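This report describes a helix, its packing partner and some loop residues. Please look over the sequence and the structure before reading on.

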Amino acid sequence: MTYLSLPHRLYSLSLATATLLLTFLSPISLSPNLSLSLSTQVQAQTSEDQLSAAQQLLEEGIDLYQQGQMQEALNRLEEASNLFQQVEAPAEETITLTQIGLIYEHRQQHEDALNVYEQALNLAKTLNDPYQEAIILDYMGSVYSNLEQYSQALDLHQKSLALFREVDNRRSEGIVLGNIGKVYFAQDQNEQAIDSLEAALSIYQDLDENILEGEVLYYLGLSHQNLKDYTQALDFHEQALDIFNDENIPELQALALYNMGTIYSQQGKEQMAQASYQDALTIFEELGNEQGIAAIRYQMETLEQ
């Protein structure tokens, strides 16, 4: 069976961390000691200016990343990282390095991503920041998963999960449980995948995280499909489709419809399969998604033979 992939990174944990941390940053104040030398005052002012400039670069880098302008984002973030290092701001440097890692990961520069994440992880450990450490571990797990090094990926995700539970962050716990489920799914360990995905689903439903709930429902549908539990699989894909319709995310709507068409085909319901495939094809054509168009046309031609 041909699977279509979900869009890269439906969420970005460290963006929220960066925004939150920047809120708490305050200018460096001069000592009230009247004997403070002029050179020391100038040095403090310079550090303050550098910190302010680094913060601005970090914000610009995050904005550019969200807009998909990866090279421009990388340039800003690397400059910010250097400035944070110069003024000895390790917390901000950790966040910036994590953002740089995300860009490398997005560009499939896996070794570069891992190297930067390792730097960020070491800083987070030095700062005794379990929340940021958990974020980085989860991201590293996703890189190893992309490299199909699933044992390493699972180990990193499990460490991340333990830390998120320690700091009682349920949303992030749900994200990692979902990632663990995807690692099991990639290894065709569907029962284990379902256990993790259902745990993530419960958290998302409690928190009203609709898009993340839809992503988990998508993988639950695929896992049940692999087990040939077509009735349950179809139910999960229909639930996912309802969410993607409500949230107006056409690419995910098309993916859900594609999977529904595949299930109908596996059940011998050719007419219903063709209808689902056609609906998905229409969306992919509107989006200009060549991979989706090619996959669906292949399935439709196969049905007609």
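**Loop residues and a helix pair**

Asp168 counts as exposed because its relative accessible area is 63%; exposed means over 50%, buried under 20%, and partly exposed in between, with a 1.4 Å probe and protein chains only. The model is predicted, so local features need pLDDT of at least 70 and side-chain atom pairs count only at pLDDT 80 or more, while totals for chains, interfaces and linings use all residues. Residues are numbered from 1 along each chain as its sequence is written, and side-chain values use heavy atoms, without hydrogens and water.

Asp168 sits in the loop between α7 and α8. Helices are DSSP runs of H or I with at least four residues, numbered from the N terminus. Most residues other than glycine have a negative phi. The table lists residues with a positive phi.

| Residue | Place | Phi |
|---|---|---|
| Glu148 | loop between α6 (130–146) and α7 (150–166) | about 65 degrees |
| Asp168 | loop between α7 and α8 | about 60 degrees |
| Asp188 | follows α8 | near 65 degrees |

Glu148 is exposed, since its relative accessibility is 58%.

Helix α8 contains 17 residues and spans 24 Å from its first C-alpha to its last, close to the expected 24 Å at 1.5 Å a residue; the expected span is 1.5 Å times one less than the number of residues. Because 13 of its 17 residues are buried, α8 is largely enclosed by the rest of the structure.

One residue of α8 is Glu173. Its relative accessibility is 14%, so Glu173 is buried. Apart from neighbours within four places in sequence, Glu173 touches Leu161, Phe164, Arg165 and Ile203, where contact means heavy atoms within 4.5 Å.

How do α8 and α9 pack? The axes of α8 (residues 170–186) and α9 (residues 190–207) are 8 Å apart, at an angle of about 160 degrees. The two helices are therefore roughly antiparallel, a term for angles over 145 degrees. Axes are lines fitted to C-alpha atoms over the stretch in contact, and angles run from 0 to 180 degrees between N-to-C directions.

Residues of α8 in this contact include Glu173, Ile175, Leu177 and Tyr184, and those of α9 include Ala193, Leu197, Ile203 and Tyr204. The contact residues comprise 12 nonpolar, six polar and four charged. Here Ala, Val, Leu, Ile, Met, Phe, Trp, Tyr, Cys and Pro are nonpolar, Asp, Glu, Lys and Arg are charged, and the others, Gly among them, are polar.

Methods. Angles under 35 degrees count as roughly parallel, over 145 as roughly antiparallel, 65 to 115 as roughly perpendicular and the rest as oblique.
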